[in-house]
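Trainee: Could you take me through this protein chain step by step? I would like to learn how to read such a structure.

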Amino acid sequence: TAPVADTVLGYMLAFARRGPWMDAAMKRGEWEKIPGKTLSECTLGIIGIGNIGKAVARRAKAFGMKVLGTDIVEVDHVFVSETGIQMTDLYSLLSESDFVSVNCDLNPTSQHLINSKTLAQMKSSAILINTARGPIVDEMSLVAALQSGQVGGAALDVFEHEPLPLDSPLLKMDNVMLAPHNS
């Protein structure tokens, strides 16, 4: 639980503060300040409020983030009170979040839960983070949304097909961070 939750926060910090992009620019000899934002300015939407989703929510609250959550099962009211997480429906979560963290189980209701229809609900600046299971995200729909600017970026630790095929368009995208199912 802890390593996965830490990974989600690491991805959010990387995108918010633009660290990897500034590092790459510096290594190309460019002295360029890339604007970032603080996590306390951002809203995090968590899909799946199990052990990992709860750990992510607690970490995000420590950074002062507004946290939204959705789950197909009722979430313990003590946790909701303790963290201030706002439980909502999937479409509200997607449309209001700057970061969307997928932390649900892979099951018949979550297969391709993130698809062209749900991606269209997201802000054009939003970042999708998947540390759960690859098939929850329809990768071809995600690629199309990233290429068109419909979604701002993605951080993926899991994929529909693992290892990620070498011809995957994700490998050539500057607005994507990838890891080999490592969190």
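Mentor: We shall go from the overall fold to the cores and then to single residues. Please keep in mind that this is a predicted model.

Trainee: How many helices and strands does the protein chain have?

Mentor: The secondary structure comes to seven helices and seven strands. From the N terminus on, the elements run α-α-β-α-β-α-β-α-β-α-β-α-β-β.

Trainee: What is the radius of gyration, and what would a compact globule have?

Mentor: The protein chain has a radius of gyration of 16 Å. That agrees with a compact globule of 183 residues, because such a globule would have a value near 16 Å. Along the principal axes, the C-alpha atoms fill a box of roughly 50 × 35 × 30 Å.

Trainee: And what share of the residues counts as buried?

Mentor: Of the 183 residues, 45% count as buried. The accessible surface comes to about 9,000 Å², and 54% of that surface belongs to carbon and sulfur atoms.

Trainee: What about charges: how many side chains are positive and how many negative?

Mentor: There are 15 positive and 20 negative side chains, and the centres of the two sets lie 6 Å apart.

Trainee: Let us move inside. Which residues have the most contacts inside the largest nonpolar core?

Mentor: They are Ile 47, Leu 128 and Leu 170, in a core of 28 residues. Two or more residues each are given to this core by helix H5 (90-96), strand S4 (99-102), helix H7 (139-148) and strand S6 (153-156). The largest share, four residues, comes from H7.

Trainee: Which residues does Leu 128 touch?

Mentor: Setting aside residues up to four places away in sequence, Leu 128 touches Val 100, Val 102, Ile 114, Leu 119, Met 122, Val 137, Leu 142, Gly 153, Ala 154 and Ala 155. There is also a second, separate core of 27 residues, which includes Ala 16, Trp 21, Ala 60 and Phe 99.

Trainee: Back to H7, then. Which of its residues are buried, and what do they pack against?

Mentor: The buried residues of H7 are Glu 139, Ser 141, Leu 142, Val 143, Ala 145 and Leu 146. They pack against H6, strand S5 (127-130), S6 and strand S7 (176-178). Just after H7, Gly 149 takes a positive phi of about 85°.

Trainee: Where is a positive phi found in a residue other than glycine?

Mentor: One such residue is His 112, with phi near 55°. Another is His 181, which has a positive phi of about 50°.

Trainee: Where do these two sit?

Mentor: His 112 lies in the loop between S4 and helix H6 (116-119), whereas His 181 is in the segment after S7.

Trainee: Why do they count as partly exposed?

Mentor: Partly exposed covers relative accessible areas between 20% and 50%. His 112 has 27%, so it is partly exposed. His 181 falls in that class because its relative accessibility is 39%.

Trainee: What is His 112 in contact with?

Mentor: Leaving out its neighbours within four places in sequence, His 112 is in contact with Pro 135, Ile 136, Val 137, Asp 138 and Glu 160. The C-alpha atoms of His 112 and Ser 141 are 9.5 Å apart in space, while the two residues are 29 residues apart in sequence.

Trainee: Cys 104 is in the loop between S4 and H6 too. Is it buried or exposed?

Mentor: Cys 104 is buried, because its relative accessible area is 15% and the limit for buried is under 20%. Cys 104 touches Ile 47, Gly 48, Ser 110, Leu 113, Ala 132 and Ile 136, not counting residues up to four places away in sequence.

Trainee: One more buried case, please: where is Thr 43 found?

Mentor: Thr 43 is found in strand S1 (residues 43-47). Thr 43 counts as buried because its relative accessibility is 11%. Beyond its neighbours within four places in sequence, its contacts are with Met 65, Lys 66, Leu 68, Glu 96, Ser 97, Asp 98 and Phe 99.

Trainee: Last topic: which peptide bond is cis?

Mentor: The bond from Glu 162 to Pro 163 is cis, with omega near -5°. Pro 163 has its place in the loop between S6 and S7.

Methods: Residues numbered from 1 in each chain as written. Predicted model: local features only at pLDDT ≥ 70, side-chain atom pairs only at ≥ 80, totals over all residues. Heavy atoms only, no water. Core = buried A, V, L, I, M, F, W, Y, C linked by side-chain atoms within 4.5 Å. Buried < 20%, exposed > 50% of the residue type's maximum accessible area, 1.4 Å probe, protein only. Contact = heavy atoms within 4.5 Å. Rg over C-alpha atoms; globule rule 2.2 N^0.38 Å. Areas by Shrake-Rupley, 256 points an atom, 1.4 Å probe, with all protein chains shown as cover. Lys, Arg positive; Asp, Glu negative; His and termini not counted. Charge placed at Lys NZ, Arg CZ, Asp CG, Glu CD.
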